[in-house]
Amino acid sequence: MQLDYKITQAKKGAWLSIITYTFLTLLKVFYGWIAESRGLMADGINNATDVISSIAILIALHISMKPVDKNHPYGHYRSEFIAALIASFIMFAVSIQVIITGVQHFYQGEFQQPSESAVIVGLISSVVMLAVFIYNRQLSQKVKSSALKAASYDNLSDALVSLGTVIGIVGVYLGVPMLDTLAAIVIGLLIMKTSIDIFKETAITLTDGYDEEELNLIYQLISPIKGIQEIRDIKARSHGMISFIDVTIAVYPYLTVVESHEISDCVETVLQHQLGEVETIVHIEPYLSR
């Protein structure tokens, strides 16, 4: 799959989030104003911040398509990680707000009964955002986009928040009015955990951390290649949808330059065929038998 095609597909997911969040913002703010529901209007305003987050992701994906220049010899692919960080910060802020509001209502004994109309809107919002989450999550795995992955979890967090409204009315029917508040606190904690996980994963990548299992897989893929006598070093770093791999191998010193170059080409071909979008630099060293 071509890299430009992957980015184009990821941008479709970002556009889907923008359109969906814009629709839900207008729906909740308008319906909250008509029904005089402050909670619904607040949820709509929260979705407005998600529009901003999705736009940031779309801009980052667009920047990642820029070609190599003097200041960016490896390209602009890592720009999407900045968008992932922005998404994680917004999710963390939302989780704090949800938890604090829930705790305040719990200790103040403010267990409001959500209206039936709010529940209907909550159900619609939850189902829609869950569908967007599934789509963006699958797409992020297909194109290996960290920014779109973060956006998908942002979609999931909003689906959970809307689900809290639905849980509240169920609690009323069951005679447990505080269930709405408890659900809000639990959902807030789940959103906080997700935001922290996204931040940690993004921070590790930005500091050139790389999956050890992936490094072992690279070793297993190139070790059977004919002509390689020893694999002395493997390094890799992720730039979003593409990875840069440095491999140091030892070959017999009596090989010609052409023969050594053919082994190097074979390493590059195998890794690109098995791992997809990767750029490989192979360092050749002489193998001196002991």
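**From helix α7 to the pockets of a predicted model**

Residue Y219 is found in helix α7, which covers residues 212–222. The model in which this tyrosine is described is a predicted one. Y219 has a relative accessibility of 43% and therefore counts as partly exposed, since that class lies between the limits of 20% and 50%. Leaving aside residues up to four places away in sequence, Y219 is in contact with I231 and I234. For the first of these partners, I231, the separation along the chain is 12 residues, and the C-alpha atoms of Y219 and I231 are 7.7 Å apart.

The setting for this residue is a protein chain with eight helices and three strands. Along the sequence these elements follow the order α-α-α-α-α-α-α-β-β-α-β. The protein chain has 290 residues, of which 43% count as buried. Its accessible surface amounts to about 15700 Å², and carbon and sulfur atoms account for 62% of that area. Contacts in the protein chain can also be sorted by separation in sequence: among those between residues at least 6 apart, 73% join residues at least 24 apart.

Helix α4 offers a view of the interior through S125, which lies in this helix. S125 has a relative accessible area of 1% and is therefore buried, the limit for that class being under 20%. When residues up to four places away in sequence are not counted, S125 touches L24, K28 and S162.

Helix α4 also takes part in the aromatic pairing of the model. A pair of aromatic rings is described by the distance of the centres and the angle of the planes. Across the whole structure, a search finds four aromatic pairs. One of them is formed by F133 and Y153, whose ring centres are 6.0 Å apart and whose planes meet at 50°, so the pair is classed as tilted. Because F133 belongs to helix α4 and Y153 to helix α5, this pair ties together parts that are 20 residues apart in sequence. The two partners fall on either side of the 20% limit for burial. F133, at 14% relative accessibility, counts as buried, whereas Y153, at 21%, counts as partly exposed.

A further aromatic pair joins Y252 and Y254, and this one is stacked, with 5.3 Å from centre to centre and 10° between the planes. Y252 has a relative accessibility of 31% and so counts as partly exposed. Y254 reaches 62% and counts as exposed, because that class begins over 50%. The pairing extends to Y287, as ring pairs link Y252, Y254 and Y287 into a cluster.

The empty space of the model comes next. Rolling a probe the size of a water molecule over the atoms shows where empty space is left. The second largest pocket has a volume of about 780 Å³. Its lining consists of 30 residues, and those closest to the centre of the pocket are K144, S146, E201, S238 and G240. Several helices contribute to this lining: α3 (79–108), α4 (116–143), α5 (146–173) and α6 (179–206) each supply at least two residues. Helix α6 provides the largest share of the lining, with seven residues. Sorted by class, the lining of the second largest pocket holds 11 nonpolar, 11 polar and eight charged residues. Helices α4 and α5, the locations of F133 and Y153 respectively, are thus also among the contributors to this pocket.

Enclosed space is represented by one cavity of 30 Å³ or more. The largest cavity has a volume of about 30 Å³, and its lining is made up of Y74, R237, F244, I245, D246, E279 and I281. Here strands contribute: β2 (243–251) and β3 (278–286) each supply at least two residues of the lining. Strand β2 gives the largest share, three residues. By class, the lining of the largest cavity contains four nonpolar and three charged residues, with no polar ones.

Terms used: Residues numbered from 1 in each chain as written. Predicted model: local features only at pLDDT ≥ 70, side-chain atom pairs only at ≥ 80, totals over all residues. Heavy atoms only, no water. 1 Å grid on protein atoms, 1.4 Å probe; cavity = no way out; pocket = protein on both sides within 12 Å on 5 of 7 lines; lining within 4 Å. Points joined across faces, edges and corners; volume = space filled by probe spheres on them. Helix = DSSP H or I, 4+ residues; strand = E, 2+ residues; numbered from the N terminus. Nonpolar A, V, L, I, M, F, W, Y, C, P; charged D, E, K, R; others polar. Buried < 20%, exposed > 50% of the residue type's maximum accessible area, 1.4 Å probe, protein only. Contact = heavy atoms within 4.5 Å. Areas by Shrake-Rupley, 256 points an atom, 1.4 Å probe, with all protein chains shown as cover. Phe/Tyr/Trp six-rings, centres within 6.5 Å; stacked < 30°, edge-to-face > 60°.
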